[in-house]
Structure formats: structure tokens, C-alpha cells
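Colleague: Got a minute to go through this one with me? I'd like to talk helix packing, then aromatics.

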Amino acid sequence: EELVAKAIAPVKAEYLRPPPPTSGFVKEKRSKRQLKRERREEQKSALNICPEVAKHGRVDACRYGGICRFSHDLDAFLSQKPADLEGCCPFCRYGITCRFLNTHKKKSHEINNLNKDLQRLLWKNKVHFPKADAQLKLLGLDSRPLKKMKDGSMRPHPPREKKLIDFRGKLYLAPLTTVGNLPFRRICKVLGADITCGEMAMCTNLLQGQASEWALLRRHLSEDMFGIQICGSYPDTIARTVELVDRECEVDFIDINMGCPIDIVCNKGAGSSLLTKPMRIKSIVQAACGTIDKPITIKVRTGYFEGRNRIDSLVSDIGIWGASAVTIHGRSRQQRYSKLADWDYIYQCARKAPDTLPVLGNGDIFSYSDWNKHSSECPELSTCMIARGALVKPWIFTEIKEQRHWDISSGERLNILKDYVNYGLTHWGSDTKGVETTRHFLLEWLSYTCRYIPVGLLDVIPQRLNWRPPSYFGRNDLETLMASDSAADWIRISEMLLGKVPEGFTFAPKHKSNAYDRAENG
């Protein structure tokens, strides 16, 4: 009881061990000049081979010839290429750079790729948005003249009746930045998730044709109920983005983020900062919902400042403005992810919402008993969204569907990681760059999974999301390794699946400070 009161996980005494000593290593900071010099040296390397030469295995395959900025030296590349990995290539377009050479398959199961012709038009600002412009003009939010419609009228047609999504009782994987990528979502689908949503994409970047932002919209065919999440500051930006996505991508719904607490987002007037501007929220929802007939949902927090909740005063209007559902994260922007989510306030909002507006709750769900508690205490909730709990243990979806606390073995957990690696190589590529991208996102995920404590090691179950794990031994060496919060041990796990890290490899997880590089690991 004392440990639980201090938010320390009550691990059985026989598994406890003293915390490992800290290395005291301080990472050397490199100047911009050093980084630029390293990039130049990398470009001159034989390993930086031309993609066309690599794909076709012929020097004359590159149309740029001698002025190409990549290397054309096939022999030098093959002599320096890292050793191939064990297994078969899941999908490849990388030719001799593939780390699974001669085992290629040709079919991809991903959609929503950015068309090159569309990208060029976006770069030149030559894409037209007739539906969005008409809706903005109707709402008095656009100064551009309204063009005549085909029937000769000057006003847009009223929006068609929206398709409805039945969220009730569905297991919904939240949009998760960085780790909620397509390979991770595939893992969650296999383990029982019903609804998936892509990582948050910035509207301005999508409208500018940034390939890295469009990559966040990609969908695997196994994602049978899939939405994307967008983030923007103004009605015109969001309206044009939803029209573009509706025209170019296959999605079941579009979610508008109004809860992101990150400074760089809020300082631009997007994310949680919209909670201080209810009339802007109204304009955004009306503009987006009037532009397309796909469901538009929004995700919010309780308010901007702690102790000054405001969504309860808006929830009845949100449905009138046209939103198909609202998800409420039970924390304010000021709280970020500290303290426990306020589920009583989420219940209050759900009871206040009109019957036509599904309300979804979000915050701290980490077991089937958490799910059951919220569903039974507030029947007005359509469902609950699962976020960080899925990062720590993606099999939470299986636990909820089977109504059990799964004492998953370290071997079963390793098999999940193996599946993730295979999905990652399919998604990011099986050449050296794809392997290292897969490794990077695997390490980001491992920085969360190390927080999981096996059911059989706990004096009190289920584990709570806010519990800090003490240092402990697992029931075997692999379980002990998976419990480590040292980035050096995450590296060892990645090497079990993807081979040795390159020389000079460094890693620092986005969400906390402990990092890895050669000096730390001797």
C-alpha cells in the first residue's frame, strides 16, 4: 500500500535487485559545421550509391551520368556493403542495396501514397479547392470571389448527409506521434484493435506537398476502419486539407487535433491553444464538415489551464456545428501527461452531450478492468481510446477482448517485436537506410515497452500506468533484458533482430534523456 501510494510498482520481493550504476557519460555535442562536414563525407562514400544504379545494377541506368550527386561505383559499394540479414525480403524496390538480396517479393499492401504529379502541383500552389473555397465563402471566412456553380447558382450546394461510424464498444488505437506508425498499427490490429488512426499530420505541410508528412497518411489494407489526424490553426487551411485528403486518400474519417500540448504546435495557434478560442473551433468544425461528406471528428483536452475546464460548455454545440464525434483526453494542456486523467469530468461531458454526438474518453487505460470500469460507470460514453497503454503493452486489446490479465512470456513478446521488424522493413525498406529507420523506431518503442512489468512478478494487479517500475530481475535473462531502462540494452535487443548497429551509432529517445552511443557501452 505504501508503494502504490508513492506510485511505485509493487514487485514481489524475490525479484527485486539494486538499481544498476549510472555510467556518468555525457554525450559530446557536435557543431553544425561538424555535422555538415560529416554529411559531405557521407555523400562522397561509395555506400551512397545512386538509387537507379542500385535498382537496375547498371551504371548507364542513371540519366544524370557524371553529374549525378550519388556514387556509381558498383564494385566499391558491394565491397563495403554491410552483411545481409537473415530471412526473406518482405517487399523490395532497392536492388543490390537490399539487405535481403535475391529473396524479393513485388507486391505492396499499402495505400495513400503521395502522387508525384500532385506533389509538383502542391509545390507550385496550383491545386484548386472548389468545395473548401465555396464553404469558406458561405461562412464568410474567405475573401476570394465565389465562382459560379454548374447549375448557375453562386452558392454552394448544402452538404450531403454524412456517413456515420459506429464507435460504440470498439477498441480504438489513438493517434500516437512517432511510435504510432504504420508497422505499430499493424501489430495492434493483429492483437485486436478495431479502429486505427494515423499519426498527427500538419495541414500546412500537407498542402506544401512534403513527402515526409504525406507518409503519415499511409494505410495498410489490414486497417479496415482507419482515420487520419490533422492539425491546423485556421479554418481555410483545415478545409482545404480535408478536401485534398478526401480526394486523394482512402480514409473512413478525419480527426482534427485540438489537444496537442507541444509548444511548437500551440505557439502557432493549433492544438490545445484552440481551446482558448471557441469561435475559432466553431469556424474550423463548420468549414471542415461543410466541405466533405466523410465524418469529421475532433480530439480535445479538458481545457488549456489546469482547473479551468471548458469542454463541458462547448460539447452541446460541437455536434450542432457538424462534428461526428468528440474524444476528450481527461487532462488540461498545462498538465501535459502529469497527474491522473479526470474521468469524472469526461463522464460529465458525455452526459451533457446530445444523443447524436458520440463522446469517447481517453486517459490512463492500461487493463481490461480500467476499460470495464469506465464503460459501466458511464454508459453514455461510446467507447474509450487507448493511447500510452498500447505503447507499453499492445496486447491490451487482446486482454480487453478476452477479459483477462495476460501474463505474457518474454518469448511471446520477442515474437511481437519480430513481427514489428518485418512490418517495418516492408514499410521503410530493406536497404541499409530502411534497416536503420526500422531500428530507430523499434528503439523508440522499446523506450516504452521497458515500463511493462510481467503480471507474475506483481504483488498487486493490474499494473497502473503511473507506477514507476523498481529495478528487478525477470524470470529469465530475456525478461530481465526487456525490463531494462538503459538504451544500451534496447540496442542489444535491436541487434538480436536487425544485426549489429553501424559504427558511430547514437540514439536518444524523444521522450526522455537517457541515450546510447559507443562510449556509453564501452
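Modeller: We'll take one helix pair, then some ring pairs. This is a predicted model, where local features need pLDDT of at least 70, side-chain atom pairs count only at pLDDT 80 or more, and totals for chains, interfaces and linings use all residues. Residues are numbered from 1 along each chain as its sequence is written, and side-chain values use heavy atoms, with hydrogens and water left out.

Colleague: At what angle do H6 and H10 cross?

Modeller: Roughly 150 degrees, with the axes of H6 (residues 130-138) and H10 (residues 235-248) coming within 8 Å. H6 and H10 are therefore roughly antiparallel (angles over 145 degrees).

Colleague: What classes of residue make the contact of H6 with H10?

Modeller: Five nonpolar, no polar and seven charged residues. Contact means heavy atoms within 4.5 Å.

Colleague: Switching to aromatics. How many pairs does a search of the whole structure find?

Modeller: The search finds 10 aromatic pairs. Rings pair if their centres lie within 6.5 Å; planes under 30 degrees apart count as stacked, over 60 as edge-to-face and the rest as tilted.

Colleague: How are the rings of tyrosine 172 and phenylalanine 253 arranged?

Modeller: Edge-to-face, because their planes are at 80 degrees, with centres 6.1 Å apart. Tyrosine 172 is in strand S2 and phenylalanine 253 in strand S6, so the pair ties together parts 81 residues apart in sequence.

Colleague: Is phenylalanine 253 buried or exposed?

Modeller: Buried (under 20% relative accessible area), at 0% relative accessibility. Tyrosine 172 is buried too, at 2%.

Colleague: Which residues form a cluster?

Modeller: Phe167, Tyr172 and Phe253 form one aromatic cluster.

Note on methods. Axes are lines fitted to C-alpha atoms, for helices over the stretch in contact, and angles run from 0 to 180 degrees between N-to-C directions. Helices (H or I, at least four residues) and strands (E, at least two) are DSSP runs, numbered from the N terminus. Angles under 35 degrees count as roughly parallel, over 145 as roughly antiparallel, 65 to 115 as roughly perpendicular and the rest as oblique. Ala, Val, Leu, Ile, Met, Phe, Trp, Tyr, Cys and Pro count as nonpolar, Asp, Glu, Lys and Arg as charged, and the others, Gly among them, as polar. Rings of Phe, Tyr and Trp (its six-membered ring) pair if their centres lie within 6.5 Å; planes under 30 degrees apart count as stacked, over 60 as edge-to-face and the rest as tilted. Buried means under 20% relative accessible area, exposed over 50%, partly exposed in between (1.4 Å probe, protein chains only).
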